[in-house]
Amino acid sequence: MEVEQYRREREQEFQSKQQAAMGSQGNLSAEVEQATRRQVQGMQSSQQRNRERVLAQLLGMVCDIRPQIHPNYRIAA
């Protein structure tokens, strides 16, 4: 009888410690998820701010063609 009672007490202690450990992991995952959301929102707002400027730069590079002879080109005589 005493052994059974001792076993139940230890089982309850184990369960309480396990709940405490799992609770902290739950908070940790929520914090990571929240930080990830903040980072994604930051990236999206940065993309919206810089979108027009980057597109203008790309179009300028593609459309501004300057034909030149390469410096290493040698005309064969």
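**Salt bridges along a helix**

Trainee: How many salt bridges does a search of the whole structure find?

Mentor: Happy to start there, and keep in mind that this is a predicted model. Side chains of opposite charge can pair when their charged atoms come close. The chain offers 11 positive and 9 negative side chains. Searching the whole structure for salt bridges gives a count of 5.

Trainee: Which residues are linked with Glu4 in a network of salt bridges?

Mentor: Take the pairs in turn. Glutamate 4 meets arginine 7 with the closest N and O atoms 2.5 Å apart, and it also meets arginine 8, at 4.0 Å. Arginine 7 lies 3 residues from glutamate 4 in helix H1, and arginine 8 lies 4 residues from it in that helix. The network therefore joins Glu4 to residues within 4 Å by side-chain N and carboxyl O: Arg7 and Arg8.

Trainee: Is glutamate 13 buried, partly exposed or exposed?

Mentor: Glutamate 13 shares a salt bridge with arginine 10, at 3.2 Å from N to O. Its relative accessibility is 36%. Buried would need under 20% and exposed over 50%, so glutamate 13 counts as partly exposed.

Trainee: What is the radius of gyration of the chain?

Mentor: Let's look at the overall layout. The chain has 1 helix and 0 strands. For 77 residues the globule rule gives 11 Å, and the chain is well over that, so it is more spread out than a compact globule. Its C-alpha atoms fill a box of roughly 110 × 35 × 10 Å, and the radius of gyration is 33 Å.

Notes:
Residues are numbered from 1 along each chain as its sequence is written. This is a predicted model: local features need pLDDT of at least 70, side-chain atom pairs count only at pLDDT 80 or more; totals for chains, interfaces and linings use all residues. Side-chain values use heavy atoms; hydrogens and water are left out. Helices (H or I, at least four residues) and strands (E, at least two) are DSSP runs, numbered from the N terminus. The radius of gyration is taken over C-alpha atoms; the globule rule is 2.2 Å times the number of residues to the power 0.38. Lys and Arg count as positive and Asp and Glu as negative; His and the chain ends are not counted. The place of a charge is taken as NZ of Lys, CZ of Arg, CG of Asp or CD of Glu. Buried means under 20% relative accessible area, exposed over 50%, partly exposed in between (1.4 Å probe, protein chains only).
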